[in-house]
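Biologist: Please take a close look at the strand pairing for me, and then connect it to what surrounds it. I would like one continuous walk through that part, with the cut-offs as you go.

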Amino acid sequence: MRGNITLIQIHVPQDVFHIAVLSGPEGYLLVDHPEAIGNPLVQKALDDMGKRPVKFLLNTHWHYDHVGGNEIYGPDAIIIAQENVRKRLMTKQTPAWSPTPIGPYPERAWPRITFRDSLTLHFDGEDIEMDHYANGHTDGDSVVYFAQANVLDVGDIYDSKGGLAGGVDMEGIARSLSAVLERINDDTIIITGHSRLSNRGELAMYLPLLQQTIAHVRQEISAGKSEKEIVDEGLPEAWKPWFAPGDIPVDRDFMHQIYATLTHTSSLDQ
Ligand SMILES: [Zn+2]
Ligand SMILES: [Zn+2]
């Protein structure tokens with residue numbers, strides 16, 4: 001894709017999963033990995049690139065479709081994540097979106113290096129920065145920035161044009177994306193968890209829409225509207241260009257999550 005960074009895409013009927021791979025003489029560094037069942041495809045892609053050992057595995061957050069490689073490559077590969085990711089993988093999780101509880105994961109899948117705010121790693125000639133942005137998609141989100149390649153992996157806090165990314169704290173996501181926007185430039189390639197590659201221009205289009213929608217929902221709540229009324233109204237018309245040439249989709253979850261954020265009714269256990 002650029003520099004020593006390669007993007008592996010795993011397609012399944014309803015979704016696509018992204019693994020960012022840094023490769024070089026010292027081995028591979030992976031950012032995220034879909035469920036363990038997807039490993040043969042990931043491993044084949046890695047083998048095709050040159051059969052190097054996986055030395056580091058970075059998790060952008062604890063969701064099962066991002067940590068599936070941990071139990072496969074750990075403990076030989078060093079797993080790194082924000083400290084809340086480790087806490088969640090060590091204990092049983094019962095998010096509302098999962099029909100069954102998740103975890104605890106086996107010990108070999110737990111991150112061995114954790115950090116609170118940020119961490120820098122020097123590997124394969126790259127300077128890799130992992131920055132935690134509190135409470136957005138989850139309570140353990142990190143973005144991974146490859147300085148030389150000028151590539152940023154944002155995990156699930158953002159989807160490229162035409163997409164919407166939700167989470168436990170939508171104001172938190174807006175704050176995280178403001179910080180991301182400040183730090184990248186027009187040349188930066190943005191890798192997302194599940195949508196196609198993006199860039200600063202698209203993010204600069206998305207962020208104000210998210211901020212305006214949060215402000216709009218806040219007004220509606222003050223005006224006494226119920227959650228159902230707000231969700232039923234759907235996304236404001238201002239979103240049209242973001243979804244063009246398609247129509248604005250009905251996304252009840254997105255509006256619900258903004259409502260839940262502003263009324264402090266969302267749970268961090270998501
Ligand atoms: Zn996620
Ligand atoms: Zn995901």
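Modeller: Two strands count as paired when DSSP finds at least two bridges between them. Strands (E, at least two residues) and helices (H or I, at least four) are DSSP runs numbered from the N terminus. This is a predicted model, where local features need pLDDT of at least 70 and side-chain atom pairs 80 or more, while totals for chains, interfaces and linings use all residues. Residues count from 1 along each chain as written, chains are lettered from A and ligands numbered from 1 in the order written, and side-chain values use heavy atoms, without hydrogens or water.

Let's begin with a sheet that is open and has five strands, ordered β7-β8-β9-β10-β11. Its pairing is mixed. At its edges stand β7 (118-123) and β11, and each of these pairs on one side only. From one strand to the next, the twist averages 20° (axes are lines fitted to C-alpha atoms, for helices over the stretch in contact, and angles run from 0 to 180 degrees between N-to-C directions). Inside this sheet, β8 (residues 126-132) and β9 run antiparallel and are joined by five bridges. If you click on H132, its bridge partner in β9 is S142.

The other sheet is also worth tracing. Six strands make up this open sheet, in the order β1-β2-β3-β4-β5-β6, and again the pairing is mixed. Because β1 and β6 (113-115) each have a single partner strand, one side of each is left without a neighbour in the sheet. The average twist between successive strands here is 20°. At the start of the order, β1 (residues 5-12) and β2 (residues 15-24) are antiparallel over eight bridges. The two are joined by a hairpin through two residues, and within the pair I5 has L22 in β2 as its bridge partner. Further along, β3 (residues 27-31) pairs with β4 (residues 54-58) in the parallel sense, over four bridges. There, L30 stands opposite L57 of β4.

Helices cover parts of this sheet. Helix α1 (residues 39-49) packs on it, touching β1, β2, β3 and β4 (contact means heavy atoms within 4.5 Å), and the direction of α1 makes about 150° with that of β1. Helix α4 (residues 83-90) packs on the sheet as well, where it touches β5 (78-82) and β6, at about 110° to the direction of β5.

Now for the interior. A nonpolar core is a set of buried Ala, Val, Leu, Ile, Met, Phe, Trp, Tyr and Cys residues joined through side-chain atoms within 4.5 Å; buried means under 20% relative accessible area, exposed over 50%, partly exposed in between (1.4 Å probe, protein chains only). The largest such core holds 35 residues, and Y158, L177, L203, Y206, L210, W239 and F254 have the most contacts inside it. Strand β9 (142-146) is one of the elements that give two or more residues to this core, alongside helices α5 (170-183), α6 (200-222), α7 (227-233), α8 (240-243) and α9 (252-262). Helix α6 contributes the most, with seven residues. Leaving aside residues up to four places away in sequence, Y206 touches Y158, G163, L164, A165, L177, W239, W242 and F254. There is also a second, separate core of 21 residues, and I5, L29, F115 and L121 are among them.

Finally, the metals. Counting N, O and S atoms within 2.8 Å as donors (3.2 Å for Na, K and Ca; water is absent, so sites may look incomplete), the zinc ion (ligand 1) is coordinated by H61 (NE2), H63 (ND1), H137 (NE2) and D156 (OD) at 2.2 to 2.3 Å. Along the chain, these donors have the spacing H-x1-H-x73-H-x18-D. H61 is buried at 1% relative accessibility, and H63 is buried too, at 7%. The zinc ion (ligand 2) has D65 (OD), H66 (NE2), D156 (OD) and H194 (NE2) as protein donors, 2.0 to 2.3 Å away. Their spacing reads D-H-x89-D-x37-H. D156 bridges the two zinc ions, which are 3.4 Å apart. Distant parts of the chain are linked here: D65 sits in helix α2 (residues 64-67) and H194 in the loop between β11 (189-191) and α6, 129 residues apart. D65 counts as buried at 11% relative accessibility, and H194 is buried at 18%. That loop brings us back to β11, an edge strand of the sheet where we started.
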